[in-house]
Amino acid sequence: DYVAWLDRLWRQRLGAARETRPELSIGILLWPDFPLMSLSGIVEPLRHAGDFADHSRPLYCRWHVLGEGATASCGIPVAATAPYANPGEFDYIAVIGGLLPNLRKAPRRHRDYLRAAVAAGVPIIGVCTGVFVLAEEGLLAEVKASVHPFHAQDYRLAFPRGALSTRHDFLHEKGRLTVPGGVSILSLMTELIRRHCGPDRAAKAVHQLSLTERREVGAFERMRAGGYHNVADPRI
């Protein structure tokens with residue numbers, strides 16, 4: 001009933017569904033051994049926000065895996081759904097990194113396309129170790145990156161002058177969005193849907209994905225509040 005009510009409001013605002021430029025479109029570049037949850041965390045909110053009810057038509061939100069697919073760290077292969085399209089067709093380009101030792105194994109054209117997107121002024125999202133890819137390409141100069149606590153020391157060693165935070169679900173500075181991965185990607189996607197599609201579309205995604213609507217504390221802040229770092233055993 002709640003989702004039907006949201007859809008009725010949406011129809012009143014926009015009229016009948018029609019084929020138009022989407023309100024939010026994201027192109028995705030997958031690195032080898034990427035986390036499948038990060039890909040799902042981008043696509044599933046867009047799928048729910050992009051159509052009425054649960055029909056999954058990409059009317060108001062669209063997404064594509066660009067260029068070449070990759071195999072996730074869990075062993076499941078994911079194929080590309082579109083070639084390297086004009087980056088100006090997308091509102092964001094998302095880079096989902098993989099296992100750190102394999103970051104250089106991605107197709108060279110991935111990095112070429114990433115630079116083309118930057119030159120076109122398209123905002124870039126670094127997801128999980130995709131943050132490392134952005135830093136390697138010099139795209140995080142004077143930008144604080146949101147990095148997973150597990151990789152914080154790796155990031156400091158690789159980019160000693162780079163600013164980082166392990167306390168945010170995501171950060172957005174100077175056209176660069178960084179997100180540590182895991183459930184944090186859902187916080188980012190909810191915010192992007194709200195910005196581009198409105199609060200009713202964001203509310204639908206939150207409802208369909210059974211997310212909490214509390215926004216005053218991030219996932220990593222909750223983790224610290226739960227005593228994650230308070231381990232008394234000196235062996236740990």
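At what angle do α6 and α7 pack, and how far apart are their axes? Here are my notes on that and on the parts around it; bear in mind that this is a predicted model.

1. **The α6/α7 pair.** To take the opening question straight away: the angle is about 150°, and the axes lie 7 Å apart. Angles over 145 degrees count as roughly antiparallel, so that is the label α6 gets relative to α7. As for handedness, α6 and α7 make a right-handed crossing.

2. **Who touches whom there.** On the α6 side you'll find Thr190, Ile193, Arg194 and Cys197. Their counterparts in α7 are Pro199, Asp200, Arg201, Ala202, Ala205 and Val206. Sorted by class, this α6–α7 contact has six nonpolar residues, one polar and three charged.

3. **α7 has another helix to deal with.** Helix α2, residues 36-49, also packs with α7, which covers residues 199-208. Here the angle is about 120° and the axes are 8 Å apart. That makes the α2 and α7 pair oblique. The crossing of α2 with α7 is right-handed.

4. **The α2/α7 contact in detail.** From α2, the residues involved are Pro45, His48 and Ala49. They meet Arg201, Lys204, Ala205 and Gln208 of α7. The class count for this contact is three nonpolar, two polar and two charged. If you're colouring residues, note that Arg201 and Ala205 turn up in the α2 contact and are also listed in the α6 contact.

5. **The sheet.** Six strands form an open sheet with mixed pairing, and reading across it the order is β2-β1-β5-β6-β10-β9. The edges are β2 (61-65) and β9 (171-173); each has a single partner strand, so one side of each has no neighbour in the sheet. From one strand to the next, the twist averages 20°.

6. **A closer look at β1 and β5.** These two strands run parallel, with β1 spanning residues 24-30 and β5 spanning 92-96. Five bridges join them. For a specific pair to click on, try Leu29, whose bridge partner in β5 is Val95.

7. **Back to α6, this time against the sheet.** Helix α6 (residues 184-197) packs on the sheet and touches β1, β2, β5, β6 (124-127), β9 and β10 (176-179). The direction of α6 makes about 150° with that of β1. So which elements does α6 pack on? The sheet, as just described, and also α7.

Technical notes. Residues numbered from 1 in each chain as written. Predicted model: local features only at pLDDT ≥ 70, side-chain atom pairs only at ≥ 80, totals over all residues. Heavy atoms only, no water. Axes fitted to C-alpha atoms, helices over the stretch in contact; angles between N-to-C directions. Helix = DSSP H or I, 4+ residues; strand = E, 2+ residues; numbered from the N terminus. Parallel < 35°, antiparallel > 145°, perpendicular 65-115°, else oblique. Left-handed = near helix turned anticlockwise from the far one by under 90°. Contact = heavy atoms within 4.5 Å. Nonpolar A, V, L, I, M, F, W, Y, C, P; charged D, E, K, R; others polar. Pairing = 2+ DSSP bridges.
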